[in-house]
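Here are my notes for your next look at the fold. Please read them with the structure open beside you.

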Amino acid sequence: MRLDVVTIFPEYLEPLNVSLVGKARARGQLDVRVHDLREWTHDRHNTVDDSPYGGGPGMVMKPEPWGEALDSVIESGTDGSKPTLVVPTPSGRPFTQQLAVELSERPWLVFAPARYEGIDRRVIDEYADRLGEDAVHEVSIGDYVLAGGEAAVLVITEAVARLLPGVLGNAESHRDDSFAPGPMADLLEGPVYTKPPQWRERGIPDVLISGHHGKVARWRRDEAFRRTTDNRPDLIERCDPAALDKHDRAILAALGWEELPDGRFGRSVPAVEE
Ligand code: 6GU
């Protein structure tokens, strides 16, 4: 996979040389190219921003440097291939594991992280016309505001890179990921343990050394329901009822969930005292 990042802070992307992404680059599985947006400015101060039309606080990134930068990156593609453009922004659609999977199937991603209040809208519209609507993704990594999209580029790249064939040592490692498709879909992973069997008077659950694979799988699923109830009750509420067996339903009831007429689960609301 090829990955280009256009940014006013190329140093911010240094972590792409480290760990899983760094190793994937060293092995030639990822071709990462970081570009300084200011290379495509022509004034003495390398200006990339200006005040917003209509007034208001903050600054907006100017369209001309972005246009020249993105044209140049796109033209560097071989045999007329076109990239997928990813624009990290707090007003984008939520970045999810499903989008990570989709992006991991594209051969070439170009990231355009904004600083300031965002990029002039015409830039996004221009490349949606040129590359296709489905080749431009405005993406947010959560409900909070960062000073810029560079940290989001690191987040998205790590989520995507570990899905590429041969990047994770063990392809099985994806299988039980929280949010991975399959029997544990939409459940958070429960607790994990390793040696020693006793640490500061704390042991490990007996079932994990029972050698009984069926019981271990069941315990893991119960723990996943427990953790999901505590940390992401919204995921239980939108759980597919067809994915729940009798034991699942019993566990959910024990965790305080009430089975609704459609088979879904809702929080049993304690009666309000008069
Ligand atoms: Cl992608 N960018 C910025 N600046 N803030 C964010 C974000 C992105 N996602 C959540 N907050």
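1. Start with D143, in the loop between β7 and α5. Is D143 buried or exposed? It counts as exposed, because its relative accessibility is 83% and the cut-off for exposed is over 50%. Then find T194. The two residues are 51 apart in sequence. Their C-alpha atoms lie 34 Å apart in space. Keep in mind throughout that this is a predicted model.

2. Next, the sheet. Which order do its strands take? The order is β2-β1-β6-β5-β7, in an open sheet of 5 strands. The pairing is parallel. The edges are β2, residues 31–36, and β7, residues 136–140. Each edge strand pairs on one side only. On average, neighbouring strands are turned by 30° against each other, direction ignored.

3. Walk across the sheet from the β2 edge. Strand β1, residues 2–7, pairs with β2 in the parallel sense over 6 bridges. Within this part of the sheet, R2 stands opposite D31 of β2. On to β6: 4 bridges join β1 to β6, and these strands run parallel. D4 has V110 of β6 as its bridge partner.

4. Continue to the other edge. β5 and β6 are parallel and pair over 3 bridges. How many bridges join β5 to β7? There are 6, and the two strands run parallel. L85 is a good residue to click on. Its bridge partner in β6 is V110, and in β7 L85 stands opposite V136. V110 is likewise the β6 partner of D4.

5. Now check burial in the sheet. Both faces of β6 are covered. W108 and V110 point to one side, L109 and F111 to the other, and all of these are buried. What about the edge strand β7? Of its 5 residues, 4 are buried, so β7 is largely enclosed by the rest of the structure. This holds although β7 pairs on one side only.

6. Helix α3 covers residues 97–104 and packs on the sheet. The strands it touches are β5 (84–94), β6 (108–111) and β7. The direction of α3 makes about 170° with that of β5.

7. α3 also packs against α5, at an angle of about 70° and with the axes 8 Å apart. The two helices are therefore roughly perpendicular to each other, as that class runs from 65 to 115 degrees. Which residues make the contact? From α3 they are A100, L103 and S104; from α5 they are I156, A159 and V160. By class, 5 are nonpolar, 1 is polar and none is charged.

8. A second helix pair is worth a look: α6 (residues 213–231) and α8 (residues 246–254). They pack at an angle of about 40°, with their axes 10 Å apart. That makes α6 oblique to α8. The crossing is right-handed. α6 contributes R218, R221, D222 and F225 to the contact. α8 contributes H247, D248, I251 and L252. These residues divide into 3 nonpolar, 1 polar and 4 charged. Set that beside the contact of α3 with α5, which has no charged residues.

9. Two residues deserve a backbone check. N46 has a positive phi, near 50°, and is not a glycine. This residue sits in the loop between β2 and β3 (49–50). N46 is partly exposed, with a relative accessible area of 29%. Y116 is the other: its phi is positive at about 60°, and it is not a glycine either. Where does Y116 lie? It is in the loop between β6 and α4 (121–131). Y116 counts as partly exposed, at 37% relative accessibility.

10. Last, a peptide bond to inspect. The bond from K195 to P196 is cis, with omega near 5°. P196 is found in the loop between α5 (150–161) and α6.

Notes: Residues numbered from 1 in each chain as written. Predicted model: local features only at pLDDT ≥ 70, side-chain atom pairs only at ≥ 80, totals over all residues. Heavy atoms only, no water. Pairing = 2+ DSSP bridges. Axes fitted to C-alpha atoms, helices over the stretch in contact; angles between N-to-C directions. Contact = heavy atoms within 4.5 Å. Parallel < 35°, antiparallel > 145°, perpendicular 65-115°, else oblique. Left-handed = near helix turned anticlockwise from the far one by under 90°. Nonpolar A, V, L, I, M, F, W, Y, C, P; charged D, E, K, R; others polar. Buried < 20%, exposed > 50% of the residue type's maximum accessible area, 1.4 Å probe, protein only.
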